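Visitor: I've got a fold to look through and a few things I'd like to ask about it. Mind walking me round?

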Amino acid sequence: MTQLTIPARFCGPADSANGGYLAGRLARLAPGPHGTVVTLHARPPLERALDVDVEQTDEDTAAALYDGERLIASARSADPFDALVPPVGFEVAELASAGYPGFTSHPFPGCFVCGHEREKGDGLRLFPGRLDDGTGRTACPWVPDESATDASGHVPPEIVWAALDCPGGWTADMEREARVLGRIAGRVRDVPKPGEHCVIMGRSLGSDGRKTYVATTIYGPDGAILGQALATWLTLRD
């Protein structure tokens, strides 16, 4: 059994980890040919050493994250899935981002991914705006800077996982009902280079009670798909 600690910088809500970032960390331990599916069973604490139990079989690799005896998250190889959201151009994404609803009302303004209170170079500052075309899509530009790189100056896969998270969640009315990530099936095909002009797309796939279903796709400057995900978000109860 190994251990994993999420630094406070990578928060979603102020007191817990960003779900996409955590999923990316677990995906390193449970990779699959078609990606990894990660389920969050409880809010992941920050700045605490958590135990990770990894099980390897001939068919699959699975990982379970524990805080003491409490199961926090579990990961396994994903089944093949198609979650591509049709892209818009970088300039269109910039215009959409200017209307980001989180600027006026945000349940987690300090979120590492989409929090507008994070300083440039600290948080990713991804601000997905909703497209007014009836498709249920969001779009935002992403130009990876020092907030997205590791000590070697490269963008690690878990940052791509983080970028796949919130742009999907904001297809729902997060400004009126707070939601958190419940499950995400993601696949990182490639990572962007710092300074590249990328576009992140989200799309609503419907809802069922507390559950909201979304898809996200990240496109590189040449239109290549860098990452894709299907996710379930959960409305927080009062």
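Visitor: Which strands do the buried residues of α2 pack against?

Guide: Keep in mind that this is a predicted model. Helix α2 covers residues 90-97, and its buried residues are Phe90, Ala93, Ala96 and Ser97. The helix lies across β6, β7 and β9, at about 110 degrees to β7. The strands that its buried residues pack against are β6 (129-130), β7 (137-142) and β9 (198-208).

Visitor: What do the buried residues of α2 line?

Guide: An α-helix has 3.6 residues a turn, so residues three or four places apart point the same way. Here the buried set is Phe90, Ala93, Ala96 and Ser97. Down the axis of α2 these buried residues fall within an arc of 120 degrees, so what they line is one face of the helix.

Visitor: And which residues are exposed on the other side of α2?

Guide: Exposed here takes over 50% relative accessible area. On the side of α2 away from the buried residues, the exposed ones are Glu91 and Leu95.

Visitor: Which strands stand at the edges of the sheet?

Guide: There are 11 strands in an open, antiparallel sheet, ordered β1-β3-β4-β5-β2-β8-β11-β10-β9-β7-β6. Two of them have a single partner strand each, so one side of each is left without a neighbour in the sheet. Those edge strands are β1 (2-4) and β6.

Visitor: What is the bridge partner of tryptophan 142 in β9?

Guide: Strands β7 and β9 run antiparallel, and six bridges join them. For tryptophan 142, the partner in β9 is cysteine 198.

Visitor: How many residues apart are glutamate 175 and arginine 130?

Guide: Side chains of opposite charge can pair when their charged atoms come close. Glutamate 175 and arginine 130 form a salt bridge, with the closest N and O atoms 2.8 Å apart. The glutamate sits in the loop between α4 (166-169) and β8, while the arginine is in strand β6, so this pair links distant parts of the chain, 45 residues apart.

Visitor: Is glutamate 175 buried or exposed?

Guide: The cut-off for buried is under 20% relative accessible area. Glutamate 175 has 17%, whereas its partner arginine 130 is partly exposed at 32%. That makes glutamate 175 buried.

Visitor: Which residues are linked in a network of salt bridges with Arg130?

Guide: Arginine 176 meets aspartate 173 at 3.4 Å, N to O, and arginine 179 pairs with glutamate 177 at 3.5 Å. Linked with Arg130 in the network are Asp173, Glu175, Arg176, Glu177 and Arg179.

Definitions and conventions: Residues are numbered from 1 along each chain as its sequence is written. This is a predicted model: local features need pLDDT of at least 70, side-chain atom pairs count only at pLDDT 80 or more; totals for chains, interfaces and linings use all residues. Side-chain values use heavy atoms; hydrogens and water are left out. Buried means under 20% relative accessible area, exposed over 50%, partly exposed in between (1.4 Å probe, protein chains only). Helices (H or I, at least four residues) and strands (E, at least two) are DSSP runs, numbered from the N terminus. The arc is that of the directions from the helix axis to the C-beta atoms. Contact means heavy atoms within 4.5 Å. Two strands pair if DSSP finds at least two bridges between them. Axes are lines fitted to C-alpha atoms, for helices over the stretch in contact, and angles run from 0 to 180 degrees between N-to-C directions. A salt bridge is a side-chain nitrogen of Lys or Arg within 4 Å of a carboxyl oxygen of Asp or Glu.
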